[in-house]
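Student: Please take a close look at one pocket in this model. I would like its lining described, and then the salt bridges.

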Amino acid sequence: MGDGMRLAGARVLITGASSGIGAATARAMADSGARLVLTGRDRARLESVAAETGGQAVVCDVTTGVRTLASRAGPVDVLVSNAGAGWAGPLAVMPWHSLEELVAVNLTAPIRLTRLFLPGMMEAGEGHVVFVASIAGAVGVGNEAVYSAAKAGLLGFAEALHEELRGFPGIGVSTVLPGVVDTPFFDRRGAGYDRRWPAPIPPERVARTIVTAVRRGRAESYVPGWLRLPARLRGAAPGPFRRLVRRRG
């Protein structure tokens, strides 16, 4: 695990940067002096964020265009894999195209991006990769089975990278696990967030956590921090955890 890195002057690539956590992270990174490459599918919003932050906008679908993105971005010091997609409902009625999209966006794309940009970091002897996962990947959430599985796979991928990069102390790997965030994510997945608790947090709070993870070399961050408690309970005592979840439901 890296010891953290200086962001001033660093070249930072952020996926899913046209709105929500990605846009907030772009602003936070720009405030830290980073040079940005921003990617997303919504051209108008992406170019607006790029103009605000002084970043380079690359319109791209990360499920199909990662090689083109890598070619246009060039070497980067920090990769923030943030682009995500969701779908809510029982697995038995989930459309096949939605299933495939969730795995492609939430798991396959970050793996491919890391494969493309990691060799450059290894050659330089420094860099940082951030995966924006989800508490769903740590505990599993009913009616979000495929999303939970994809984010769990991302956590496993990050953990394996820690082991592979032991010989590269200048390269850091961070996972950030947000809970409910006030972004367009829920509307896009086809079902809004209708629970009274926990209350959604602003995307800027997640963005600050991402910046801190890179600066301080933090391997794992929950947002908000109390979410590490259910995650730990799920790992240590899965039976009581399931009973607690069913009682709440």
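Tutor: This is a predicted model. Begin with arginine 41, which counts as exposed because its relative accessibility is 54%. Arginine 41 forms a salt bridge with aspartate 61, with 3.9 Å between the closest N and O atoms. Aspartate 61 is partly exposed, at 26% relative accessibility. Arginine 41 sits in the loop between strand E2 (35-40) and helix H2 (43-53), and aspartate 61 in the loop between strand E3 (56-59) and helix H3 (66-73), so the pair ties together parts that are 20 residues apart in sequence.

Another salt bridge joins arginine 43 to glutamate 47, at 3.4 Å between the closest N and O atoms. Arginine 43 and glutamate 47 are four residues apart in helix H2, so about one helical turn separates them. Glutamate 47 is partly exposed, at 38% relative accessibility. The whole structure has six salt bridges.

Now the pocket. The second largest pocket has a volume of about 190 Å³. Its lining includes Gly137, Leu155, His162, Thr175, Glu220 and Tyr222. Helix H5 (135-139), helix H6 (145-164), strand E6 (171-178) and strand E7 (220-223) each give two or more residues to this lining. H6 gives the largest share, five residues. By class, the lining has seven nonpolar, three polar and two charged residues.

Glutamate 220 lines this pocket and also forms a salt bridge with arginine 232, at 3.1 Å from N to O. That pair links strand E7 to helix H9 (residues 228-236), 12 residues apart. Glutamate 220 is partly exposed, at 35% relative accessible area. Arginine 232 is partly exposed too, at 42%.

Key:
Residues numbered from 1 in each chain as written. Predicted model: local features only at pLDDT ≥ 70, side-chain atom pairs only at ≥ 80, totals over all residues. Heavy atoms only, no water. 1 Å grid on protein atoms, 1.4 Å probe; cavity = no way out; pocket = protein on both sides within 12 Å on 5 of 7 lines; lining within 4 Å. Points joined across faces, edges and corners; volume = space filled by probe spheres on them. Nonpolar A, V, L, I, M, F, W, Y, C, P; charged D, E, K, R; others polar. Salt bridge = Lys/Arg side-chain N within 4 Å of Asp/Glu carboxyl O. Buried < 20%, exposed > 50% of the residue type's maximum accessible area, 1.4 Å probe, protein only.
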